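I am opening a notebook on a structure that is new to me. I want to write down, entry by entry, what I looked up and what I found.

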Amino acid sequence: MQVTETLNSGLKREIKITVPAGDMEAKLLARLNDARDKVRINGFRPGKVPVQHLRKVYGKSFMAEVVNEILNDSTRSIITGRGEKAAMQPEVIMTEDEKEAEKILAGGADFEFRLNYEVIPAIEIKDFSDIKVTRQVFEVPEAEIDEQVKRIAESARSYEPKDGKAAEGDRVSIDYVGKIGGEAFAGGAGTDQPLVLGSKEFIPGFEDQLVGSKAGDEKQVTVTFPENYQAAHLAGKEATFDITVKEVSKPGELEINDETAKNLGLESLERLREVVRGQIENQFGSMTRQKVKRQLLDQLDAAYSFEAPSKLVEAEFNNIWAQVNRDLEAAGRTFADEDTTEEEARAEYMRLAERRVRLGLVLAEIGEKAGVTVSDEELQRGLFEQVRRFPANQQQEAFEFYRNNPEALNALRAPMFEEKVVDHLLGQISVTDIKVSKEELMADDDEAETKAKPAKKAASKKAEAKADEAVDETEEPKKKAAPKKKAAKDAE
């Protein structure tokens with residue numbers, strides 16, 4: 001086998017491999033001799049079939065196997081032997097001339113092919129002592145827990161049907177159809193929708209107009225979607241809802257005690273408070289984690305500047321760009337609405353793709369040198385968590401998909417590995433904890449900066465933050481749209 005480098009430019013490589021016809025012939029004969037004792041051909045006793053006859057019958061198919069074996073084995077061994085890591089699966093280029101291909105399969109010509117690939121650049125890991133991050137910590141007060149426990153108790157509150165008019169605090173069951181300009185809009189209808197009047201669950205003005213209604217009433221409610229409504233195609237628009245009130249119920253007494261907890265499947269009120277505390281701490285802990293990670297990645301981004309493999313960047317950009325266009329389509333917006341152009345947006349998201357790839361390579365190198373791994377047990381737990389995001393009737397199918405799809409499992413392993421590397425780095429760098437209020441923790445770090453910048457710059461910051469998160473390709477099923485105040489995704 002002759003190996004010749006024909007291109008070495010930046011990260012791009014091309015290798016020409018030539019396997020002499022004599023070597024191909026030797027490999028073919030070895031397969032034919034091995035097959036003599038296994039094949040059964042009419043007219044010949046087992047093990048007595050002449051090799052030339054076997055060659056006539058199986059020669060081309062066996063030689064095709066030899067070709068595939070060489071391609072599979074040599075691709076890995078040649079790149080490894082050169083001390084390189086391919087960024088993606090190398091492109092294999094073989095002759096497209098049918099006559100030449102026939103000669104190779106017949107053992108009458110050298111087998112020649114080329115490998116085109118990009119290498120992962122060598123990355124020298126720098127000292128971490130200069131990296132400093134601030135970790136914002138919000139200590140959950142008892143009042144926050146009390147409020148959440150009360151909200152849970154409210155959701156579990158019993159209601160009894162009542163005659164007469166609905167008052168604030170009563171629950172109504174309604175059917176509704178939303179219209180804009182007299183035309184029903186997608187996702188604006190619902191049936192048997194429960195709504196507690198005064199809960200402010202629906203958009204402003206909706207619930208107020210149902211106070212005083214009775215079971216059997218048909219009403220028309222007129223509201224205006226908020227200007228900042230996340231479903232942009234509805235934001236600021238006036239809508240009418242044709243309402244049928246099907247039932248009015250009055251609330252039972254609100255009780256917050258051990259019995260309330262038991263009705264929720266917990267043994268006591270104290271246990272309910274523990275669960276609520278854990279959920280709140282996890283929620284704010286996730287915010288803290290994301291902010292710390294953003295600071296860390298920003299500093300790594302500033303510390304490492306190198307050419308990223310173009311194929312990896314292209315693949316990452318395509319993923320981001322597809323999501324951007326899906327989001328715009330769902331919101332009924334254009335690039336002009338975002339105060340930018342498609343060309344400018346492409347350039348901005350290409351920069352984000354380059355950042356994501358470069359940081360991914362840096363984290364991979366840090367993790368490899370530190371011996372960071374994702375165990376089979378950890379991957380299994382991650383798989384179960386992922387599968388639980390699917391509807392119950394789809395979970396088994398999703399589980400089988402991951403189990404039978406190595407690429408999908410690797411896609412699941414990658415963000416887990418990244419988070420473990422981040423954990424490793426947080427143990428190596430300077431981390432200063434500061435106590436903050438809930439409002440400070442929830443505030444956007446770039447809020448003050450983006451107020452003075454065009455909208456497209458603010459959008460870029462949000463996209464960059466999103467690009468720093470572990471990618472989750474599984475979309476949970478979208479809920480039915482409703483005229484809810486917080487139903488941005490519902491209306492998409």
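Is E84 buried or exposed? I looked up its relative accessible area, which is 16%, and E84 is therefore buried, since the cut-off for that word is under 20%. I note at the outset that I am working with a predicted model.

**Entry on E84 and its partner**

I then asked what E84 pairs with, and I found a salt bridge between E84 and R82, in which the closest N and O atoms are 3.1 Å apart. The partner R82 counts as partly exposed, at 30% relative accessibility, whereas E84 is buried. I keep in mind that side chains of opposite charge can pair when their charged atoms come close. When I searched the whole structure for such pairs, the search returned 40 salt bridges.

**Entry on helix 8**

I went next to helix 8, which covers residues 342-370, and looked up two salt bridges there. In one of them R346 is joined to E342, with the closest N and O atoms 3.6 Å apart. These two residues are 4 apart in the helix, so about one helical turn separates R346 from E342. I recorded R346 as partly exposed, with a relative accessible area of 36%, and E342 as partly exposed too, at 41%.

In the other salt bridge, K369 is joined to E365, and here the closest N and O atoms are 2.3 Å apart. K369 and E365 also lie 4 residues apart in helix 8, about one turn of the helix. I looked up how each is covered: K369 is exposed, with a relative accessible area of 56%, while E365 counts as buried at 16%. Elsewhere in my search for salt bridges, I found that R289, K293, R356, E418, E419 and D423 are joined into one network by salt bridges that share partners.

**Entry on strands 7, 8 and 10**

Which way do strand 7 and strand 8 run relative to each other? I found that strand 7 (residues 171-180) and strand 8 (residues 183-196) are antiparallel and are joined by 8 bridges. As one position to follow by eye, I noted that Y176 has G190 of strand 8 opposite it. The two strands make a hairpin with 2 residues between them, and G181 in that turn has a positive phi of about 65°.

Strand 7 is also joined to strand 10, by 9 bridges, and this pair runs antiparallel as well. Here I picked out G178, which stands opposite F241 in strand 10.

**Entry on strands 2, 3 and 4**

I looked up the neighbours of strand 4 (residues 111-118) and found 8 bridges to strand 2 (residues 12-19), the two running antiparallel. In this pairing V19 stands opposite F111. Strand 3 (residues 91-94) is joined to strand 4 by 4 bridges, again in antiparallel fashion, and the bridge partner of M94 in strand 4 is F113.

**Entry on two loop residues with positive phi**

Where in the structure does K200 lie? I placed K200 in the loop between strand 8 and strand 9 (218-224), and I noted that its phi is near 60°, a positive value in a residue other than glycine. K200 is exposed, with a relative accessible area of 65%.

D339 likewise is not a glycine and has a positive phi, near 60°. I found D339 in the loop between helix 7 (310-331) and helix 8, where D339 counts as partly exposed, at 44% relative accessibility.

**Entry on a patch of negative charge**

I looked at the surface for charges of one sign, and E253, E255, D258 and E259 gather there in a negative patch. I followed E255 further and placed it in the loop between strand 10 (238-251) and helix 5 (258-263). With a relative accessible area of 41%, E255 is partly exposed.

**Entry on A303 and K126**

My last look-up was A303, which belongs to helix 6 (residues 269-303) and counts as partly exposed, at 29% relative accessibility. I noted that A303 and K126 are 177 residues apart along the chain, and that their C-alpha atoms are separated by 8.3 Å.

Definitions and conventions. Residues numbered from 1 in each chain as written. Predicted model: local features only at pLDDT ≥ 70, side-chain atom pairs only at ≥ 80, totals over all residues. Heavy atoms only, no water. Patch = residues over 30% accessible without salt bridge, like charges linked within 9 Å, V, L, I, M, F, W, Y side chains within 5 Å. Areas by Shrake-Rupley, 256 points an atom, 1.4 Å probe, with all protein chains shown as cover. Salt bridge = Lys/Arg side-chain N within 4 Å of Asp/Glu carboxyl O. Lys, Arg positive; Asp, Glu negative; His and termini not counted. Charge placed at Lys NZ, Arg CZ, Asp CG, Glu CD. Buried < 20%, exposed > 50% of the residue type's maximum accessible area, 1.4 Å probe, protein only. Pairing = 2+ DSSP bridges.
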